[in-house]
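Hello,

Here is the structure I promised to pass on to you. Have a look at it first, and then read my notes below with the picture open beside you.

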Amino acid sequence: MNQTENYQLNQWEMTDRIRMEDFNADNAKIDAALKDQVDSLAALAATVPLRGNCQIYYTTYVGRGIGNANAARVVTCPYRPLAVFISSTSANCFALYGTERVLANKNYNFATCFLWRDNSAIWYGDGPATGLDNLNETYRVVALMSTEITDPAE
């Protein structure tokens with residue numbers, strides 16, 4: 001008699017003798033495998049909610065060629081942003097909640113100012129490049145957000 005590859009269940013051939021013990025053994029293997037699967041899924045379902053409170057927000061914008069404090073860029077998220085990543089062909093910027101100044105281009109030679117207000121991250125510089133606002137340049141923004149109501153700095 002042949003057996004299946006994964007659970008070694010019986011695979012009868014025409015010349016094999018069919019016995020009740022073989023069926024019972026197969027049913028016991030199937031029952032144990034299903035029970036293991038259900039237990040694993042239950043453990044996973046209980047663990048996933050404990051793995052954090054982070055959500056991701058994504059948007060883009062096109063630079064206006066301004067980039068000063070009076071024309072700051074703002075991204076408003078559904079929840080408080082904990083980290084913001086901004087990227088374009090000429091700049092890459094990463095800021096954590098509470099950071100006030102970050103280095104923000106591929107050569108890391110100029111600083112961008114950040115402000116944090118409720119569900120918004122606000123940034124500017126002393127010109128279009130430092131303000132991540134080069135004329136007609138597309139910027140991609142990814143924010144990692146806290147779904148907690150409390151201030152993450154506490």
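Strands E5 and E10 run antiparallel and are joined by 7 bridges. If you would like one pair to look for, take Pro81, whose bridge partner in E10 is Met145. Please keep in mind as you go that this is a predicted model.

Now step back to the sheet around that pair. Four strands make up an open sheet in the order E3-E10-E5-E6, and their pairing is antiparallel. The edges are taken by E3 and strand E6 (92-96); each has a single partner strand, so one side of each is left without a neighbour in the sheet. On average, neighbouring strands in this sheet are turned by 20° against each other, if direction is ignored.

Staying with E5, which covers residues 80-87, you will find Phe85 there. Together with Phe94 and Leu96, Phe85 forms a nonpolar patch on the surface, and the three share about 260 Å² of accessible area. Is Phe85 buried or partly exposed? Its relative accessible area is 35%, so Phe85 counts as partly exposed.

Next, the charged residues. Side chains of opposite charge can pair when their charged atoms come close. How many salt bridges does a search of the whole structure find? The search finds 4, and I will walk you through some of them.

Let's begin in helix H1 (residues 20-47). Asp39 and Lys35 sit 4 residues apart in this helix, which means that about one helical turn separates them. Their side chains meet in a salt bridge, with 3.0 Å from N to O. Both ends can be seen from outside to some degree: Asp39 is partly exposed at 38% relative accessible area, and Lys35 is partly exposed at 48%.

The next one reaches across the chain. Asp133 and Arg64 meet through their side chains in a salt bridge of 3.1 Å, N to O. Asp133 lies in the loop between strand E9 (120-124) and strand E10 (138-146), while Arg64 lies in the loop between strand E3 (54-62) and strand E4 (73-76), so this pair ties together parts that are 69 residues apart in sequence. The two ends have their own surroundings: Asp133 is buried, at 0% relative accessibility, whereas Arg64 is partly exposed, at 35%.

Asp133 has another partner as well. It forms a salt bridge with Arg73, and the closest N and O atoms are 3.1 Å apart. This pair also links distant parts of the chain, with Asp133 in the loop between E9 and E10 and Arg73 in strand E4, 60 residues apart. Here Asp133 and Arg73 are both buried. Put these pieces together and you have a network of salt bridges that links Arg64, Arg73 and Asp133.

Last, the cysteines. A disulfide is a covalent bond between the sulfur atoms of two cysteines. How many disulfides does the count come to in this model, with sulfur atoms required to lie within 2.5 Å? The count comes to 0. Two cysteines you can look up are Cys77, which is buried at 5% relative accessibility, and Cys113, which is buried at 14%.

If you want a place to start, try turning the model until you can see Asp133 with Arg64 and Arg73, the residues of the salt-bridge network. After that, go back to the sheet and follow its order, E3-E10-E5-E6, from one edge strand to the other.

Happy exploring, and best wishes!

Technical notes
Residues are numbered from 1 along each chain as its sequence is written. This is a predicted model: local features need pLDDT of at least 70, side-chain atom pairs count only at pLDDT 80 or more; totals for chains, interfaces and linings use all residues. Side-chain values use heavy atoms; hydrogens and water are left out. Patches are made of residues with over 30% relative accessible area and no salt bridge: like charges are joined within 9 Å, nonpolar side chains (Val, Leu, Ile, Met, Phe, Trp, Tyr) within 5 Å. Accessible areas come from the Shrake-Rupley method with a 1.4 Å probe; for residues, only the protein chains shown count as cover. Helices (H or I, at least four residues) and strands (E, at least two) are DSSP runs, numbered from the N terminus. Buried means under 20% relative accessible area, exposed over 50%, partly exposed in between (1.4 Å probe, protein chains only). Two strands pair if DSSP finds at least two bridges between them. Axes are lines fitted to C-alpha atoms, for helices over the stretch in contact, and angles run from 0 to 180 degrees between N-to-C directions. A disulfide is a pair of cysteine sulfur atoms within 2.5 Å.
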